[in-house]
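Me: I would like a close look at a single part of this structure. Please take one helix and describe how it sits among its surroundings.

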Amino acid sequence: MNFLDYAPAPESAAILNLRDEYGLFINGEFVPGNGESFTTISPATEKHIATVSCANEQDVDTAVVAARRAYEKTWSRMSGADRGKYLFRIARLVQERARELAVAESLDNGKPIKESRDVDIPLVAAWFFYYAGWADKLEYAGMGPNPRSLGVAAQVIPWNFPLLMLAWKIAPALAAGNTVVLKPAETTPLTALLFAEILQQADLPAGVVNIVTGAGSTGSALVNHADVNKVAFTGSTAVGRQIARSTAGTSKKLTLELGGKGANIVFDDAPIDQAVEGIVNGIFFNQGQVCCAGSRLLVQESIHDDVVERLKARLSTLRVGDPLDKNTDVGAINSASQLGRMRELSDIGEQEGSERWSPACNLPSEGFWFPPTIFTNVSTSHRIARDEIFGPVLSVLTFRTPAEAIAKANNTPYGLSAGIWTDKGSRILAVADKLRAGVVWANTFNKFDPASPFGGYKESGYGREGGKQGMHAYLAPTASKGVNR
Amino acid sequence: MTMETTRAGTTVAPASRALDVIGGDLTERSLRRYLEGIPGVDAVGLEARAAALGTRSIKTTSKAWALDTIIRLTDLTTLEGADTPGKVRSLVAKAMVPDPDDMSTPRVAAVCVYGDMVPHAVEALGSAHDDGAPGRINVAAVATAFPSGRASRSVKLSDTSDAVAAGADEIDMVIDRGAFLSGRYGQVFDEIVAVKEACKRPDGTYAHLKVILETGELNTYDNVRRASWLGILAGGDFIKTSTGKVTPAATLPVTLSMLEVVRDWHRLTGEKIGVKPAGGIRASKDAIKYLVTVAETVGEEWLQPDLFRFGASSLLNDVLLQRQKLTSGRYSGPAYVTID
């Protein structure tokens, strides 16, 4: 037998206790929506998981009213210590139900269970634990002696890390004393709805968190609602622009976390085997559907061939397939439309003269799949070097000097992430200093921690999530006496 | 200063592999330059990769194959001051019939003993002693003033040749860690070359040479990688992590970094070098992580006794218990495997 054809080791979906239909979570309970219900499917099999309500403008208004009431009557009056208790309770419940949440996430999103189990869900719990600690320490957030909350936060999140993005949004908002109306992505509402059950379990006061499911129109109704004080959005740059436009001239505070085209810079003195691992983790983690993915590999010319050879050998050991199998490294693409975009841009890459390579792998016939792909001979002018592909597609470019590496890395309208691989500490500091990216990883990639701020430069958005800076997005300094705000 | 310069210019033994790869006048200086030119290891990244490999879930048929493979790759070991001929005979009996209740259990690759116990092992093995046929068992002897390596060169060499003369098929030597850590790579190199020569039999063939790096004393992964290259360049057939007498002994990240060297050597020369983690691997679950690491780093073809071994004593019994569980569907207990 072939040992490397590991026998199937599937995580059982039987642990899930899903309903056939899910309503909107408004004012502490599930209610039917007035929009047209939609189904959420497993991208790995295209099989139906559940029917989900769609919130129309009226539902969104009901949710915002509930959030406002909860803000005025309960949440803004509660002591920070008490808010913290709820957040700690939520964090513990997430840990208790971690396995279930991981399975649901992999089922709905298509990401490998090893990632939802070892990365997404533990980070969700970590985010709530971290911000629970902030709830009674707002005066140390660096915004003056008695910072105040903003009010009702409208939050719209993407499908690539459904529950983790929910945690990034909800945890700091609640810690600061705001109430929330959150819209999960249309293709991945499942874990947000399970999270609503966790909120019921935690006995969170009604209306403090409301979850409205639906597509773009629901999100638009939410961010344009007149009675929200804060809008937080993570998603595409195009939608981010629309939101910036529609909130301009209002008193809504806005943070945006948008696209990226991260550069992973490998110098010739890099720890080569770990760099190869980091490149793989940078672009094939979550099928490359990561806004901060290291989608542009900038490798020093002298080691280009060696790195590419090692990379190809490593890619040949990646296991693509059933997201629920514990040995799967690369799962399914989230939706048909995303898959279409990957195919289109990859074809353009070939037409523009780049060399395309993928390891031999048998992709399942059902579902949405794209093999891990690398492009060599890529020029900076090629579209695959400029456009965000948001898939497991790596463009390999070269450089000769550190100055050239920095220039090429910064030569993008985006500025979310970058990576530096070198054995030389002084070079890490010198290069990181000149990179126009919100996050710069050194000798690692795609590492997240609740204490570390995350966010972009330029078209990657503004505002920070995580850390003390993440609290600033949900707080305002108290106006000094006599000054009317 | 003068002494340094003189030493750097000193020529080292003209081992053929090193001549091919480093070329020219093989000196302490050229050897050092070569070893210091090897890319560094990032400890955090290496350990993360090893941990990730450790999360592979090996079930059902894969697990059954893995358990049998672990047995086939084991150097069943006894290295105690208190060893007796009787203990060695008992070990050999276990090596030949690991599980008397299940004769389908494969045999181990070798028994590993101190040099003076080689004649007893050879005698006890009788016709099961290796003649190259499958299912035969090798006798491995530790040599070169194992485990510390603190003896004169001549003592180490006669330790080796004695064991070979007594019938040892494999020699597990220790490198001079003191010399290595103080940067005297040439001295370590020369010693390995000399021990390799001492492995030569009258008929011109050689006993297999395993070079023990004693990674627990080398401290950094950069050192492990450098010592691995050194051991291979000097002619080792295997590189081995540890004596088992120093803590930490074999660890997954250390073994991974050695496998990466072996993979790179194969890419460079086409030649396949073996790897032997030894000491500290007691549970089947851990041993399976090593199999995964081997298969995903150098390839599945390394999972054969010529290229990969476990140096272990108590591991075998845990594998047998797991094997019984797979066959019968229930766990037995330590009373159902033999102690030796």
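Are H3(B) and H10(B) roughly parallel or roughly perpendicular to each other? Please build the answer around H10(B).

Reply: The model is predicted, and what follows is computed from it.

Helix H10 of chain B covers residues 185-198. At 1.5 Å a residue, its 14 residues should span 20 Å, and the end C-alpha atoms are 20 Å apart, which agrees.

Burial comes next. Of the 14 residues of H10(B), 12 are buried, so the helix is largely enclosed by the rest of the structure. The N-terminal stretch contributes Tyr185(B), Gly186(B), Gln187(B), Val188(B) and Phe189(B) to the buried set, which also includes Asp190(B), Glu191(B), Lys196(B) and Ala198(B). Charged side chains such as those of Asp190(B) and Lys196(B) therefore belong to residues that count as buried here.

The buried residues of H10(B) pack against several elements of chain B: the helices H3 (28-36), H8 (153-165), H9 (177-181) and H12 (221-233), and the strands S4 (170-174) and S5 (208-212).

Now to your question. H3(B) and H10(B) pack at an angle of about 100 degrees, with their axes 9 Å apart. Angles of 65 to 115 degrees count as roughly perpendicular, so H3(B) and H10(B) are roughly perpendicular to each other. On the H3(B) side the contact is made by Glu28(B), Leu31(B), Arg32(B) and Leu35(B), and on the H10(B) side by Tyr185(B), Gly186(B) and Phe189(B). These residues divide into four nonpolar, one polar and two charged. In an α-helix there are 3.6 residues a turn, so residues three or four places apart point the same way.

Strand S4 (170-174), one of the elements packed against H10(B), holds Ile171(B). Ile171(B) is one of the residues that touch the most other members of the largest nonpolar core, which has 103 residues; Val111(B), Ala121(B), Ala141(B) and Leu291(B) are also among them. The largest share of this core, eight residues, comes from helix H13 (residues 252-269) of chain B. Beyond its neighbours within four places in sequence, Ile171(B) has contacts that include Ala141(B), Thr160(B), Val164(B), Cys199(B) and Leu209(B).

Helix H12, also packed against H10(B), follows a loop from helix H11 (215-218) that contains Asn219(B). Asn219(B) has a positive phi of about 75 degrees although it is not a glycine. With 11 other C-beta atoms within 10 Å, Asn219(B) is exposed.

The loop before H8, another partner of H10(B), runs from strand S3 (138-142) and contains Pro147(B). A cis peptide bond joins Phe146(B) to Pro147(B), with omega about 0 degrees.

Methods: Residues numbered from 1 in each chain as written. Chains lettered and ligands numbered in written order. Predicted model: local features only at pLDDT ≥ 70, side-chain atom pairs only at ≥ 80, totals over all residues. Helix = DSSP H or I, 4+ residues; strand = E, 2+ residues; numbered from the N terminus. Expected span 1.5 Å × (residues − 1). Buried ≥ 20, exposed ≤ 12 C-beta atoms within 10 Å, placed from the backbone. Contact = placed C-beta atoms within 7 Å. Core = buried A, V, L, I, M, F, W, Y, C linked by C-beta atoms within 7 Å. Axes fitted to C-alpha atoms, helices over the stretch in contact; angles between N-to-C directions. Parallel < 35°, antiparallel > 145°, perpendicular 65-115°, else oblique.
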